[in-house]
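Grab a viewer and some coffee. Here are a few exercises to work through, each with a solution.

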Amino acid sequence: MTDEIATRLSQIQSRIADACARAARRAHTVQLLAVSKTFPASAIAAAAAAGQNAFGESYLQDALARQPEAEALAGRALAWHFIGPVQSNKTAAIAGHFAWVHGVDRAKIARRLSAQRPEALPRLNVCVQVNVSGEASKSGCAPHEAADLCTEVAALPRLQLRGLMCIPKASEDPQVARPAFAALRRLFVQLREGGDLGDSFDTLSMGMSGDFEIAIEEGATLVRVGSAIFGKRQRH
Ligand SMILES: *Cc1c(COP(=O)(O)O)cnc(C)c1O
């Protein structure tokens with residue numbers, strides 16, 4: 001399994017590089033987030049041994065249980081990103097155990113995450129989730145709400161606003177997501193050029209196993225790839 005994961009990771013890295021080349025972008029402008037939800041700590045350690053540093057998790061309890069084990073196997077600390085929906089009763093644990101949160105779509109959640117971020121840790125990196133068009137989940141703020149929510153997140157003392165995130169409806173045809181990716185990109189550029197969100201507003205989190213190349217062509221700076229690295233998920 002270890003070899004298989006290393007092979008798949010390097011295949012994904014070359015597909016990222018090819019997509020960057022097609023879009024006339026430099027390869028290091030796209031970060032790969034390995035979405036490890038539901039996979040065992042040994043699979044995470046195998047990816048870490050192949051050089052992967054950032055891992056995405058959606059199920060909080062499951063993630064908290066596997067983080068220490070994965071880091072012990074890997075022999076180093078890993079960068080954990082929470083990519084699932086954020087409910088109020090989970091904010092303390094998320095603020096204490098993750099470096100990034102991608103699904104912030106309400107000011108109330110942002111305020112709780114900031115208040116609960118431990119002082120000993122650096123600021124929590126946040127992407128605001130936007131429902132650009134027919135999203136798979138009901139989460140994500142409306143596009144017209146994104147500017148105010150970003151401004152609010154940027155002002156919170158223990159959060160670092162990093163960018164925008166979306167989850168377009170799943171489809172067999174990766175081209176179906178292209179307009180949603182393009183819409184998120186336009187919103188991102190508009191907010192960035194608006195000026196007040198700071199230099200750290202640099203991340204467009206979009207694209208998954210089935211459509212990450214399209215997302216890169218449309219400007220993604222972080223792609224969230226699970227099954228193409230770790231294999232088919234057995235549950236959830
Ligand atoms: C599960 C998940 C992914 C990864 O999906 P794959 O299709 O397995 O690559 C990416 N983003 C989010 C928000 C997810 O929940």
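The exercises below deal with the ligand and then with salt bridges, in what is a predicted model.

**Exercise 1. Work out which residues are closest to the ligand, and how the shell divides by residue class.**

Step 1: Start with the neighbours. The ligand is surrounded by 13 residues, and the closest are Lys37, Ser209, Gly226, Ser227 and Arg233.

Step 2: Sort the shell by class. You get six nonpolar, four polar and three charged residues.

Step 3: Place the ligand. The largest pocket is where the ligand sits.

**Exercise 2. Find polar partners for the ligand's oxygen and nitrogen atoms, then say how much of the ligand the protein buries.**

Step 1: Check the oxygens. A side-chain N or O atom of Ser209 is 2.5 Å from a ligand oxygen. Ser227 uses its backbone instead: an N or O atom there lies 2.8 Å from an oxygen atom of the ligand.

Step 2: Now the nitrogen. A nitrogen atom of the ligand has a polar side-chain atom of Arg224 at 2.9 Å.

Step 3: Look at the area. On its own the ligand would expose 390 Å², and the protein buries 89% of that.

**Exercise 3. Which salt bridges does Arg66 form, and are Arg66 and Glu57 buried or exposed?**

Step 1: Recall the principle. Side chains of opposite charge can pair when their charged atoms come close.

Step 2: List the partners. Arg66 pairs with Glu57, with the closest N and O atoms 2.5 Å apart. Arg66 also meets Asp62 in a salt bridge, at 3.3 Å from N to O.

Step 3: Apply the cut-off for buried, which is under 20% relative accessible area. Glu57 is at 1% relative accessibility, so Glu57 counts as buried. Arg66 is at 8%, so Arg66 counts as buried too.

Step 4: Put the pairs in context. The model's count comes to 11 salt bridges.

Technical notes: Residues are numbered from 1 along each chain as its sequence is written. This is a predicted model: local features need pLDDT of at least 70, side-chain atom pairs count only at pLDDT 80 or more; totals for chains, interfaces and linings use all residues. Side-chain values use heavy atoms; hydrogens and water are left out. A residue is near a molecule or strand if one of its heavy atoms lies within 4 Å of it. A polar contact is a pair of N or O atoms within 3.5 Å; within protein, one must be able to donate a hydrogen and the other to accept it, and residues adjacent in sequence count only if both atoms are side-chain atoms. Accessible areas come from the Shrake-Rupley method with a 1.4 Å probe; for residues, only the protein chains shown count as cover. On a 1 Å grid over the protein atoms alone, a cavity is a set of points where a 1.4 Å probe fits but cannot get out, and a pocket is an open set with protein on both sides within 12 Å along at least five of seven lines; lining residues have an atom within 4 Å of a point. A molecule sits in a cavity or pocket if more than half of its atoms lie within 2 Å of its grid points. Ala, Val, Leu, Ile, Met, Phe, Trp, Tyr, Cys and Pro count as nonpolar, Asp, Glu, Lys and Arg as charged, and the others, Gly among them, as polar. A salt bridge is a side-chain nitrogen of Lys or Arg within 4 Å of a carboxyl oxygen of Asp or Glu. Buried means under 20% relative accessible area, exposed over 50%, partly exposed in between (1.4 Å probe, protein chains only).
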